Amino acid sequence: LAGITGLPFELDSTQGRAPAVLNGNIGEAAPVLALALLFASYLECATLDQVHGLTATGKTISAKSGQPVLKTYTPGDLNFDPFNLYTFFGWQAPPMIEASASADPEYRMRWIAFNRKEMETAEIKNGRLAMLGITGFAFQEALWGTPVVDQTPLLFTPISDLIFSGRY
C-alpha cells in the first residue's frame with residue numbers, strides 16, 4: 001500500500017521487522033491502536049445487555065424452524081460466525097445420533113450443546129496456539145535482529161513458487 005499511495009514504507013525504520021515493543025517504533029502505531037481501542041469500546045457498549053445474569057438463557061422456540069432451541073450465554077460471544085461453523089459441526093451426526101435426535105428433541109439439544117462446547121474449546125486452544133506462535137515470532141525477530149520473513153522464507157513463499165521452483 002505504501003508503494004501505491006506514495007507514503008514511506010514504515011518497516012524501513014525497523015529494518016523490515018514488525019513494529020513491536022521488542023523491536024521499537026511501537027509509538028508510531030499509536031493512531032491505529034487508538035482506533036482499535038475505540039472500536040473495542042464501541043463493541044463493549046453495544047453488547048452491554050449480553051452480561052451474565054442479564055441475558056435470557058434456557059429453552060425457547062426458534063423463530064426460523066419452530067423447533068425448541070437452547071439459548072446460552074458465553075462471555076465475549078458476539079454471534080460472529082460468517083461460515084456458520086457452529087451449526088455445521090453441530091449437525092455432523094452419525095446415523096444413530098441423527099435418528100435419536102429426530103425422535104427426541106431433548107437429545108438433539110444435548111447433542112448440539114455438546115458440539116458447541118467442543119467447538120468453543122477448539123477455538124480457545126487454537127487461539128492460544130496462535131498467540132504463542134506470534135509471540136515466538138516477536139522474540140525471534142528481537143533476538144536475531146532480522147525479519148522473521150527472511151529467517152523462514154518457506155513459510156512466506158507462495159505455494160506455487162515452492163512447487164515449481166524445484167528447491168523444496
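Where does UniProt place the feature "binding site" in an unreviewed entry? The record puts that feature at Gln 140, and I should add that UniProt positions are given in the numbering used here, that feature names are shortened, and that annotations may be inferred rather than shown by experiment.

Before I go on, a word about what we are looking at. This is a predicted model, in which local features need pLDDT of at least 70 and side-chain atom pairs count only at pLDDT 80 or more, while totals for chains, interfaces and linings use all residues. Residues are numbered from 1 along each chain as its sequence is written, and side-chain values use heavy atoms, with hydrogens and water left out.

Let me begin with the overall layout. The protein has seven helices and two strands, where helices (H or I, at least four residues) and strands (E, at least two) are DSSP runs numbered from the N terminus. Along the sequence they come in the order α-α-β-β-α-α-α-α-α. Of the 168 residues, 12% count as buried; here buried means under 20% relative accessible area, exposed means over 50%, and partly exposed lies in between, with a 1.4 Å probe and protein chains only. The accessible surface comes to about 13,000 Å², and 67% of that belongs to carbon and sulfur atoms, the areas coming from the Shrake-Rupley method with a 1.4 Å probe and, for residues, only the protein chains shown counting as cover. Among contacts with a separation of 6 or more, 36% are between residues 24 or more positions apart, contact meaning heavy atoms within 4.5 Å.

Now back to Gln 140, which sits in helix α5 and counts as partly exposed because its relative accessibility is 21%. Setting aside neighbours within four places in sequence, Gln 140 is in contact with Gly 145, Val 148, Gln 151 and Thr 152. The C-alpha atom of Gln 140 is also separated by 10.0 Å from that of Leu 22, although the two residues are 118 residues apart along the chain.

Leu 22 appears again on the surface, where together with Phe 139, Leu 143 and Trp 144 it makes a nonpolar patch of about 500 Å². Patches are made of residues with over 30% relative accessible area and no salt bridge, like charges being joined within 9 Å and nonpolar side chains (Val, Leu, Ile, Met, Phe, Trp, Tyr) within 5 Å. Trp 144 belongs to helix α5, and it counts as exposed because its relative accessibility is 60%.

The unreviewed UniProt entry also lists Glu 123, Asn 126 and Arg 128 under "binding site". Glu 123 lies in helix α5, which covers residues 105-144, and Arg 128 is in helix α5 as well. With a relative accessibility of 53%, Arg 128 counts as exposed.

How many salt bridges does the structure hold? There is one, if we require a side-chain nitrogen of Lys or Arg within 4 Å of a carboxyl oxygen of Asp or Glu. Arg 116 pairs with Glu 120, and the closest N and O atoms are 3.6 Å apart. Side chains of opposite charge can pair when their charged atoms come close. Arg 116 and Glu 120 are separated by about one helical turn, because they are four residues apart in helix α5. Arg 116 is partly exposed at 25% relative accessibility, whereas Glu 120 is buried, with a relative accessible area of 14%. Not counting residues up to four places away in sequence, Glu 120 touches Thr 74 and Tyr 86.

Finally, consider helix α2, residues 30-46, whose 17 residues reach 24 Å from first C-alpha to last, close to the 24 Å expected at 1.5 Å a residue; that expected span is 1.5 Å times one less than the number of residues. Helix α2 is hardly covered, with a count of zero buried residues among its 17.
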